[in-house]
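Biologist: Could you go through this model with me? I would like to talk about charge pairs first and then about pockets.

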Amino acid sequence: MGEQGQGEGRGGEEQRFGDGEYVVVRRHGYVAELVLDRPKAMNAMSADMARAVTGACAALAVDAEVRAVVLTSTHERAFCVGADLKERNGLSDAELVAQRPISRGAYTAVLELPMPTVAAVHGFALGGGYELALSCDVIVADRTAVVGLPEVSVGVIPGGGGTQLLPRRVGSARAAELVFTARRVEAEEARELGLVDILVDRGHDREEALALATRIAANSPVGLRAAKRALRLGHGLDLRTGLEVEDAAWRTVALSPDRVEGVAAFNEKRPPRWQ
């Protein structure tokens, strides 16, 4: 895992959330890999899978040893194809409304993870699948990736944060064009438009995402969480208010043992030993 301080965190552990499939959490030292594992349905987001994602994120959020999270998929041709429309086809209006907090909770759980998150996308990442990626801080995609928010083509709208997260990435006009046309965007154009951040060769999305997360995890755990908080809370605010958000986050780090250790390690020309 590289130089991350004393110890390497827990490694090689695996925990499953859901009945035999849905979500697996694997540990790579201080990096946690959150694996979408519903291969028979190309990781379509059923109610049970949404519960599994929410449960996994709740466990990760309170794990002090996790410094970064990578969201991956076991399916060869898809990251996640979005909502499970076969399941929803049999729902009454009342059942659909009752399911809404369950599905929404999964996207919120990913979005609100306190540590940096990286999505590793290949194949189809459509609708709710792309919204899971949008909920992460950085999106790594390989050249097979196809992303988009096609919900209006089936009579709904993006419901996992897409109408809010996409404009923050690409601007309101570009987001409107993509949502209104429901079009699918292939990897090269997705990178050009800013729909994904890093484009890698076919089959290397997971490898690159884990490597990036490892580099992230080498830094101060307190600093990483505070920086993410400042980035997220300050976005969209006027500059003066945003700077106050940054100052509040700075104070949580400045008065922490991580600041003391980081400064000492710099002056002693050694890797920091984060607590």
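Biologist: How many salt bridges does the count come to?

Modeller: Bearing in mind that this is a predicted model, the count comes to 18 salt bridges.

Biologist: Which residues are linked in a network of salt bridges?

Modeller: The network joins Arg174, Glu177, Arg183 and Glu189 through salt bridges. Arg183 also belongs to the lining of the largest cavity, which we can come back to.

Biologist: And Asp48 and Arg51, how do their side chains meet?

Modeller: They form a salt bridge, with 2.9 Å from N to O. Both residues sit in helix α1, which spans residues 47-61, and because they are three residues apart there, about one helical turn separates them.

Biologist: Is Asp48 buried or partly exposed?

Modeller: Asp48 has 40% relative accessibility, so it counts as partly exposed, and Arg51 falls into that class as well, with a value of 45%.

Biologist: What about Glu208, which residue does it form a salt bridge with?

Modeller: Its partner is Arg215, and the closest N and O atoms of this pair are 3.5 Å apart. Glu208 is partly exposed because its relative accessibility is 24%, where anything under 20% would be called buried. Arg215, at 49%, counts as partly exposed too.

Biologist: Then Arg270 and Glu261, buried or exposed?

Modeller: Both of them are buried, and their side chains meet in a salt bridge with an N to O distance of 2.6 Å.

Biologist: Changing topic, what volume does the largest pocket have?

Modeller: The volume of the largest pocket is about 1000 Å³. It is lined by 37 residues, and those closest to its centre are Leu111, Ser135, Asp137, Leu165 and Arg232.

Biologist: Which element gives the most to that lining?

Modeller: That is α9, which contributes eight residues to the lining of the largest pocket. At least two residues each are supplied by α3 (93-111), β6 (117-121), α5 (162-170) and α9 (221-234). By class, the lining of the largest pocket holds 17 nonpolar, ten polar and ten charged residues.

Biologist: And the second largest pocket, what is its volume?

Modeller: The second largest pocket has about 720 Å³. Its lining is made of 27 residues, with Ala83, Leu85, Arg88, Glu151 and Val156 closest to the centre. Two or more residues come from each of α2 (85-89), α3, β7 (124-126) and α4 (128-134), and α3 gives the most, with six residues. The lining of this second largest pocket divides into 14 nonpolar, eight polar and five charged residues.

Biologist: Leu85 and Val156 caught my eye; which nonpolar surface patch do they help to make?

Modeller: Together with Val154 they make a nonpolar surface patch of about 270 Å², and Leu85 and Val156 are also among the residues closest to the centre of the second largest pocket. Val154 lies in the loop between β9 (146-148) and α5, and because its relative accessibility is 52%, Val154 counts as exposed, the cut-off for that class being over 50%.

Biologist: Last topic, how many cavities of 30 Å³ or more does the count come to?

Modeller: The count comes to one cavity of 30 Å³ or more, and the space in the largest cavity is about 50 Å³.

Biologist: What lines the largest cavity?

Modeller: Its lining consists of Tyr130, Val147, Gly148, Leu149, Leu166, Leu178, Arg183, Val185 and Leu195. By class, seven of these are nonpolar, one is polar and one is charged. Arg183 thus appears in this lining as well as in the salt-bridge network with Arg174, Glu177 and Glu189.

Conventions: Residues are numbered from 1 along each chain as its sequence is written. This is a predicted model: local features need pLDDT of at least 70, side-chain atom pairs count only at pLDDT 80 or more; totals for chains, interfaces and linings use all residues. Side-chain values use heavy atoms; hydrogens and water are left out. On a 1 Å grid over the protein atoms alone, a cavity is a set of points where a 1.4 Å probe fits but cannot get out, and a pocket is an open set with protein on both sides within 12 Å along at least five of seven lines; lining residues have an atom within 4 Å of a point. Grid points are joined across faces, edges and corners, and a volume is the space filled by probe spheres set on the points. Helices (H or I, at least four residues) and strands (E, at least two) are DSSP runs, numbered from the N terminus. Ala, Val, Leu, Ile, Met, Phe, Trp, Tyr, Cys and Pro count as nonpolar, Asp, Glu, Lys and Arg as charged, and the others, Gly among them, as polar. Patches are made of residues with over 30% relative accessible area and no salt bridge: like charges are joined within 9 Å, nonpolar side chains (Val, Leu, Ile, Met, Phe, Trp, Tyr) within 5 Å. Accessible areas come from the Shrake-Rupley method with a 1.4 Å probe; for residues, only the protein chains shown count as cover. A salt bridge is a side-chain nitrogen of Lys or Arg within 4 Å of a carboxyl oxygen of Asp or Glu. Buried means under 20% relative accessible area, exposed over 50%, partly exposed in between (1.4 Å probe, protein chains only).
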